[in-house]
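Reader: I am new to this structure. Can you walk me through how to read its features?
Author: Gladly. Have a look at it first.

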Amino acid sequence: MVDVIVVGAGFSGITAARELSSKGYDVLILEANERIGGRTYRTNHKGKTFELGGAYVHWIQPHLWAELTRYGLNVVPGEGGEVSEIRLLSEGKFHTFDLETGYTLLTEAYHALYTADPQPSEVLPFPYNPLSHKKWIDYTNHSLGEQIANLTLSQLQYDLLNAMLASDMSASATDAALLEMLRLRALLGTDDFSKLADVTGTYMIEGGTIALLNDILADSGAQYRTGQQVAHITQDDSRVTVQTNEDEVYTARIVVVATPLNTWANIAFTPALSNIKTQVSKQHHAGTGMKCFIHVQGAIPELLGLAPEPHPISLLTSYSESNNGTWLVAFGPTAPNNFTVEWAQHAISQLLPQVEVTDVFGHNWTHDPLFLGTWANFKVGQLEHLSTLNAPEKRVFFAGADIALGWRGYIDGAIESGIRTANNASNFLRIESNHSQVG
C-alpha cells in the first residue's frame with residue numbers, strides 16, 4: 001500500500017504528485033492513456049509537430065509562470081504570422097475586411113459587451129476566490145448568449161463577436177455562463193479584447209507542453225503506470241482501494257482524482273459521490289467544442305476566418321506552410337463525430353471557397369470517453385457548485401483544470417488545482433498520522 005494514488009497524469013495530477021512526494025509521501029500515478037499530459041498532447045503527423053490540446057501560455061498566468069521559472073523553460077511565439085485579412089460568414093454571405101476595418105468592428109463589438117452590466121469588479125473582485133463576493137449569485141442563471149443578444153450591434157458585429165466567443169469558450173454562447181466571461185476579464189485585469197488573444201493564442205513553451213510535464217514528473221520521483229483506466233474507487237475508514245477496468249487492484253491511504261470533471265460519473269465510487277458532483281459530471285461543462293488542423297492545397301494568406309453559430313468552424317487561421325500547401329488551425333463550438341477530409345471540406349467551404357482540403361488532423365476530445373470535453377467553461381448555474389466540486393469526500397480528493405478557481409480550463413488552472421489539492425491532502429495525512437501516534 002502506498003500513501004497516495006493519483007488518478008490521471010495531466011498537469012494537475014502530476015503537479016499534485018510532485019507536491020505530495022516532496023513532503024515525503026509515497027505516490028503512485030495511474031494513467032488510462034499510454035502517454036502523460038491529459039488534454040495537452042504534443043505529437044507528430046507527417047513530419048510536423050502539433051499541439052492537439054492545450055498549448056498556449058502567458059506570463060500573466062502566475063502558477064504556470066512559476067513552473068517555467070522553476071525549470072528554466074522559455075516561451076516562444078507560436079506558429080502563424082500576422083493576420084493580413086479578416087473573413088466573416090454572416091447571414092450566408094461572405095465578407096472580407098482589411099485588418100483595420102475588421103479590428104474596428106471587433107473593438108466596437110467588444111466595447112459594447114464589456115461596458116454592459118455587470119462588471120467583473122462588482123461580481124468577481126477576487127478572481128481566485130470567486131465565491132467570496134455574493135453579488136455573483138444575481139447572475140448565476142445568465143448565459144453569455146443572452147448577454148450578447150441584448151447588445152445593440154450590427155449583424156456583422158454580432159456575428160464577429162459570436163464567432164470569437166464560441167472559439168474562446170469552446171462552446172455555444174447559449175450554453176456558456178455569463179460569469180465565465182466575467183471571470184476571464186477579471187483575471188486579465190483589462191477590457192482590451194486583444195489581450196485575451198495574446199494570452200490564449202500567442203506564446204508556447206519552447207519544446208512544447210511535454211517539456212514542462214517531463215520536468216514536473218521527473219522532479220516528483222513518483223511511480224507511474226500508463227494503460228491503467230480506473231473503474232472503481234472504494235474507501236473505508238483506513239484506506240482506499242482502486243480497481244482498473246482490467247481488474248488490477250491498488251491500495252493507498254488516500255486517492256487524488258485528477259481526471260476531467262465530465263468523466264467522474266463514469267467511475268464507480270463506493271460510497272457514492274455526492275449528488276452535486278455526480279449531477280454536474282453527468283450534465284458536463286459547456287466545453288464540448290473542437291480544435292483541429294486542416295491541410296489545404298496552395299498558399300493561403302495570413303487570414304482570420306470567422307463564422308457564427310451554428311457553423312461548425314467558428315475560427316480558422318493560418319498555421320504554417322508546407323511543401324505543397326498550408327496548414328490551418330480551426331476551432332468550433334461543437335465537435336463532429338469524426339475528423340474527416342469530407343467534414344473539413346464542407347466546414348471550410350464557405351470561408352475558403354474553391355480550396356481543396358487534403359488532410360485533417362486532431363484529437364476529438366469531446367468524443368473521447370477519457371475526456372468527454374475540451375477546456376472547461378461552466379454552464380449556467382454550475383459556478384455555485386464550485387466549492388462542492390473541490391471538496392474532498394473523506395479519503396478521496398479532487399483536482400483538475402476543470403475545477404480550478406482562477407484560470408479554469410487552462411494549464412495554469414491545472415497547476416493551481418494540483419498544488420491546492422496536494423496541500424489539503426497533505427494536511428489530512430499529517431493530522432491522521434499525528435492522531436495515530438497519540439493513540
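Author: Start with the largest cavity, which is lined by Tyr110, Tyr114, Leu165, Asp168, Met169, Met181, Leu184, Arg185, Leu188 and Leu196. Keep in mind that the model is predicted.

Reader: How is empty space found in general?
Author: Rolling a probe the size of a water molecule over the atoms shows where empty space is left. Here, a search of the whole structure finds three cavities of 30 Å³ or more. The largest cavity holds about 60 Å³ of space.

Reader: Which elements give two or more residues to the lining of the largest cavity?
Author: They are α3, α6 and α7, the last spanning residues 178-188. The most comes from α7, with four residues.

Reader: What classes of residue make up that lining of the largest cavity?
Author: Eight are nonpolar and two are charged. No polar residue takes part.

Reader: Take Arg185 from that list. Is Arg185 buried or exposed?
Author: Arg185 counts as buried, because its relative accessibility is 3% and the cut-off for buried is under 20%. Arg185 sits in helix α7.

Reader: Which residues is Arg185 in contact with, leaving aside its neighbours within four places in sequence?
Author: Arg185 contacts Leu113, Tyr114, Pro118, Gln119, Pro120, Thr190 and Asp191. Of these, Tyr114 also appears in the lining of the largest cavity.

Reader: Two helices from the cavity lining now. How do I describe a pair like that?
Author: Two packed helices are described by the angle between their axes and the distance between the axes. For helix α3 (residues 99-115) and helix α6 (residues 155-169), the axes come within 9 Å and cross at roughly 75°. That angle makes α3 roughly perpendicular to α6.

Reader: Which residues of α3 and α6 meet?
Author: From α3 come Leu105, Leu106, Glu108, Ala109, Tyr110 and Leu113. From α6 come Gln157, Leu160, Leu161, Met164, Leu165 and Asp168. By class, this contact has nine nonpolar residues, one polar and two charged.

Reader: Next, an open space. How much space lies in the second largest pocket?
Author: About 170 Å³. The residues lining this pocket are His45, Lys46, Lys48, His295, Glu321, Ser322, Asn323, Asn324, Trp327, Thr358 and Asp359. Strands β17 and β19 (357-362) are the elements that give two or more residues to the lining. By class, the lining has one nonpolar, six polar and four charged residues.

Reader: Lys46 is in that lining. What is its phi?
Author: Phi of Lys46 is near 50°, a positive value in a residue other than glycine. Look for Lys46 in the loop between β3 (42-45) and β4 (48-51). Lys46 counts as exposed, because its relative accessibility is 66%.

Reader: Where does Asp247 lie?
Author: In the loop between β12 (240-244) and β13 (249-257). Asp247 has a positive phi too, about 65°, although it is not a glycine. At 55% relative accessibility, Asp247 counts as exposed.

Reader: Now the backbone. Is the peptide bond from Thr270 to Pro271 cis or trans?
Author: That bond is cis, with omega near -5°. Pro271 is placed in the loop between β14 (268-270) and α10 (275-283). The bond from Glu309 to Pro310 is also cis, with omega near 5°. Pro310 belongs to the loop between β16 (303-306) and β17 (315-322).

Reader: How many residues apart in sequence are Met1 and Val240?
Author: They are 239 residues apart in sequence, and 9.5 Å apart in space, C-alpha to C-alpha. Met1 is in the segment before β1 (2-7). Leaving aside neighbours within four places in sequence, Met1 contacts Arg239, Thr251, Ala252 and Arg253. Met1 counts as exposed, at 61% relative accessibility.

Reader: One last residue. Where does Trp375 lie?
Author: In the loop between β19 and α12 (386-390). Trp375 counts as partly exposed, with 22% relative accessibility. His285 is 90 residues away along the chain, and the C-alpha atoms of the two are separated by 8.9 Å. Not counting residues up to four places away in sequence, Trp375 touches Ser167, Asp168, Met169, Ser170, His285, Gly287, Phe331 and Gly409. Among them, Asp168 and Met169 also line the largest cavity.

Technical notes: Residues numbered from 1 in each chain as written. Predicted model: local features only at pLDDT ≥ 70, side-chain atom pairs only at ≥ 80, totals over all residues. Heavy atoms only, no water. Axes fitted to C-alpha atoms, helices over the stretch in contact; angles between N-to-C directions. Parallel < 35°, antiparallel > 145°, perpendicular 65-115°, else oblique. Contact = heavy atoms within 4.5 Å. Nonpolar A, V, L, I, M, F, W, Y, C, P; charged D, E, K, R; others polar. Buried < 20%, exposed > 50% of the residue type's maximum accessible area, 1.4 Å probe, protein only. 1 Å grid on protein atoms, 1.4 Å probe; cavity = no way out; pocket = protein on both sides within 12 Å on 5 of 7 lines; lining within 4 Å. Points joined across faces, edges and corners; volume = space filled by probe spheres on them.
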